[in-house]
Amino acid sequence: MDISHPSPYSEQRYLEISAEIQRFAAKVGYKIEQVNCIPIVAYNGENLVTNDSPNMPWYKGKGLLDTIDSLTVPTRHVDLPFRMSISDCWKITGVGTVVAGTISQGVAAVGDVLHLEPTNINAEIRSIETFHVPSQIASAGDMVAFNLKGVTAQQVHRGFVLSATPAGTKGGAVTKTTTSRTPLDPTASLGAAGPTLHCCQSFQAQMINIAHPRIRPGFTPFLLVHTEHIPAAITKLEQIIDKQTGNVLEENPREIPKGARFVAEITPKKPLIVAPFKDTPAFGRFVLRDNKNTVCIGVIKSVTFVGEGGATQAKKQNFFKKK
């Protein structure tokens, strides 16, 4: 705020920026009353801890620290099947294959067997480290490194996914004390079994067009979901939806204008692992980017996996040839 124009500490400029931020937040689905705009001067510490800046007497809201303290802590789903998207992989001499990422949900322990997709390989966890601290167990929200047995570094890439096998993980059998940096509820049901995630053929998504003049079938932007970044085509436009009521305004539209909310089918051009937002939020929200601009944001409603709806194993093999 000390370098704002037309004058330092300008209330007029603060109101202009706040209104612009709130308009964008409302466009993408946030409730305006939950969006806090705090004028600060970090160099001088103004409005960071308290809201009594002598240069901004017009601001009556909370300071930055109080606002952060008032945020609702998200629930960590340790009771759901294990899911983790890989952000990096190394081959370490004398250790073996090490993968890193943030656990989206579930619990894993040393000795667990996890399923790696899209390579369709099972791998055993030899050891776990959280911020270079050895551990016997890791849970949702932890940033971890797994030393894996049964897979080589050449078989793992950024964007690949580790998931629980139908037998589940045995994280719940490990003492729930200091074995994880994340406090675990002693009464929680851990190590839940669940279906493994598989390579998808296509998925149905609900999106908002926030920047593109008009979207038509065949539009192929880059899809960013969890740690994956690949091209994907919008193959079918299904509905235009009213932003306020959620009612369907138009079926099978020819194009999507800027600012519209719509439902479409998306087909990835390379192997991709995703899941419906209601089942696994971290794997079900995404953005579409074109020419270095974010054009759409959305959530996944349903997924057609390879082998379903006419997608064949041969099609999956063609995906790997393009990788």
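**Charged side chains: one buried glutamate and four salt bridges**

The side chains of Glu238 and Gln204 come together in a polar contact of 2.6 Å. That pairing is a good place to start in this predicted model, since Glu238 is buried and yet takes part in no salt bridge. Elsewhere, the structure holds four salt bridges, and the bullets below walk through the glutamate first and then the charged pairs.

**Glu238 and its surroundings**

- Glu238 sits in strand E13, which covers residues 228-241.
- Which side chain of opposite charge is nearest to Glu238? It is Lys236, and the distance is 4.9 Å.
- A salt bridge needs a nitrogen to oxygen distance within 4 Å, so at 4.9 Å Lys236 does not give Glu238 a salt bridge.
- Setting aside neighbours within four places in sequence, Glu238 is in contact with Gln204, Glu250, Glu251, Asn252, Pro253, Val263, Ala264 and Glu265.
- Gln204, one of those contacts, is also the partner in the 2.6 Å polar contact between side chains.

**A salt bridge inside helix H1**

- Glu16 and Arg13 form a salt bridge, with their closest N and O atoms 3.2 Å apart.
- Both residues belong to helix H1 (residues 11-27), where they are three residues apart, or about one turn of the helix.
- Are these two partners buried or partly exposed? Glu16 is partly exposed at 38% relative accessibility, and Arg13 is partly exposed too, at 32%.

**A salt bridge between distant parts of the chain**

- Glu255 and Arg216 meet through their side chains in a salt bridge of 2.9 Å, N to O.
- This pair links distant parts of the chain, with the two positions 39 residues apart in numbering: Glu255 is in the loop between strand E14 (248-251) and strand E15 (256-257), while Arg216 is in the loop between strand E11 (214-215) and strand E12 (222-225).
- Glu255 has a relative accessible area of 31% and counts as partly exposed.
- Arg216 is likewise partly exposed, with 46% relative accessibility.

**The Asp279 and Lys278 pair, and a network**

- The side chains of Asp279 and Lys278 also meet in a salt bridge, at 3.3 Å from N to O.
- How exposed are the two partners? Asp279 is partly exposed at 40% relative accessibility, whereas Lys278 is exposed at 67%.
- Turning to shared partners, salt bridges join Arg214, Arg216 and Glu255 into one network.

Note on methods. Residues numbered from 1 in each chain as written. Predicted model: local features only at pLDDT ≥ 70, side-chain atom pairs only at ≥ 80, totals over all residues. Heavy atoms only, no water. Helix = DSSP H or I, 4+ residues; strand = E, 2+ residues; numbered from the N terminus. Buried < 20%, exposed > 50% of the residue type's maximum accessible area, 1.4 Å probe, protein only. Lys, Arg positive; Asp, Glu negative; His and termini not counted. Polar contact = N/O pair within 3.5 Å; in protein donor to acceptor, adjacent residues only side chain to side chain. Contact = heavy atoms within 4.5 Å.
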